[in-house]
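Me: Can you walk me through the empty spaces in this one, and say how each label is earned?

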Amino acid sequence: MIFFVLVVILLFLGLVYEQLSRKIDAKSPKTGKMIDVGDYSMHVTDCGQGEATIVLIHGAGDSSYSWIHIRKELTKFSRVISYDRVGMGSSDLGPAPTPHHTVQELNNLLSKTGNPGPYILVGHSLGGIIARLYALEYPNKVAGFVFLDSTHEFLKDDTKFKQGFAAIGVMLKILRGLSPFGIPRFLGNITGMIPMFAHERKYYQQQLPPEEYKQWKGIVYRTFAGSAAGVEFKEAIAHLEEAARRLKNSKTIPQFGDLPIAVVNNPGFGAHWTEIQRELASRSTNNIHKTSDRKGHSLQMPRPELVVEAVQHVVEQVRSRNGRTLAESTLEQKIEVTVASD
C-alpha cells in the first residue's frame, strides 16, 4: 500500500514538473518565424545573403533547432533557409508526411519565402531522400547537394534497417506515454540521457550558449510528447520505396550529371553504410565523399567543421558554374554522350 501511494505521489509530482516545464518552454522565443502554407503554419528561419540559397532539411523526428550553430556559420557566406516539417519543431500539425507531401510542402514553403533559387539542398538522414525527390520533381531549382548520413534507397529491403526503424517507433511510443509525467525530461536534465542523440548531445552542449541548448532540449522533449515523430518514421519506409522507384544510377550517365555533390557519413554504422554513401556520391561526376572520425548520426553536432566544409565546397562549385541547375547539368551530359556515340 505504501509503495502504491509513493508511486502515485511521484507520478503527480512528475505531472506538475512536466506541465510547468512546458509553460517555461513556450515562453522561449522561436529561432525563426511562422509562415502560413495553407491549412497550417510552418516554422522557418531565413537569414544571410548569397546568390545560391542553402536549404537545410532535417532528419526524421528532428527539427531545425538541431542546426542552430551550423546555420550561424553558413550565413557568413550564403543565404540559409531552415524549417521544421509538419508537426516537428515549432511547426503546426498537419497532413501525414507522405513522400508527395514532404516534397510539395518544401516547394510551397520556398515559394512563400520569395526565393526562386537555385537551391543547394543539405539533407540529413531522411532529409537526404527528400532532397533527391525534390530535385527530380524540380530539377530547374536545384544547383547542388550535400548529403549527411543520408538514408539510402538500397535499404528499403534491408531487414536490419527496417527492424531498427521499428525499434525507434516503439521507443517513441514509450516516450510519448511517459512524457506527461516528465520522465523523459527528468532523465535528460538530470542524467543527460536523451534518446536519438546519445553520441551527439555532449558535443551540442559545448557548441551552444546555455539558453540555446536549453531551447533545443525543450524542442526535443516536445517531440517526444507528440505523435508527429512516430508518424515520420513510419512514413520513412514509403520515402525509401518512392526513392527506389524514381532514383537510379548509371555508370554511363549518372542521374545527377555533373551537379556538385558532397557526401559526409559517420563511421558508427559500419563499412556497408560507408560504401552506400560512396555510391550515393558517385551519382554525379562532380563529387566529394568524407567519413567523419567521430560517431554520431547527427553529424553537424560531433563534427560541425566537416559539415561546414562540405557545404562551402558545394557553394563554391555552384558559384563557379554560375548556378547551373540539375536540369541543365543532366541535359548537357546527355548531349555530350549522344555526340560521342555519333
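Reply: Sure, here are the cavity and the pockets, term by term. It's a predicted model, where local features need pLDDT of at least 70, side-chain atom pairs count only at pLDDT 80 or more, and totals for chains, interfaces and linings use all residues. Residues are numbered from 1 along each chain as its sequence is written, and side-chain values use heavy atoms, with hydrogens and water left out.

Me: What makes the space lined by Gly61, Asp62, Ser63, Ser66, Met196, Phe197, Trp216, Ile219, Val220, Thr223 and Phe224 a cavity?

Reply: On a 1 Å grid over the protein atoms alone, a 1.4 Å probe fits at a cavity's points but cannot get out, while a pocket is an open set with protein on both sides within 12 Å along at least five of seven lines; lining residues have an atom within 4 Å of a point. The whole structure has one cavity of 30 Å³ or more, and the largest holds about 50 Å³.

Me: How do you know what volume the largest pocket has?

Reply: Grid points are joined across faces, edges and corners, and the space filled by probe spheres set on them is the volume. For the largest pocket that comes to about 750 Å³. Among its 31 lining residues, Phe161, Phe165, Ile168, Phe269 and His297 lie nearest the centre.

Me: Which helix gives the most to the lining of the largest pocket?

Reply: H5, with six residues. Helices here are DSSP runs (H or I, at least four residues) numbered from the N terminus, and H5 spans 159-178.

Key:
Helix = DSSP H or I, 4+ residues; strand = E, 2+ residues; numbered from the N terminus.
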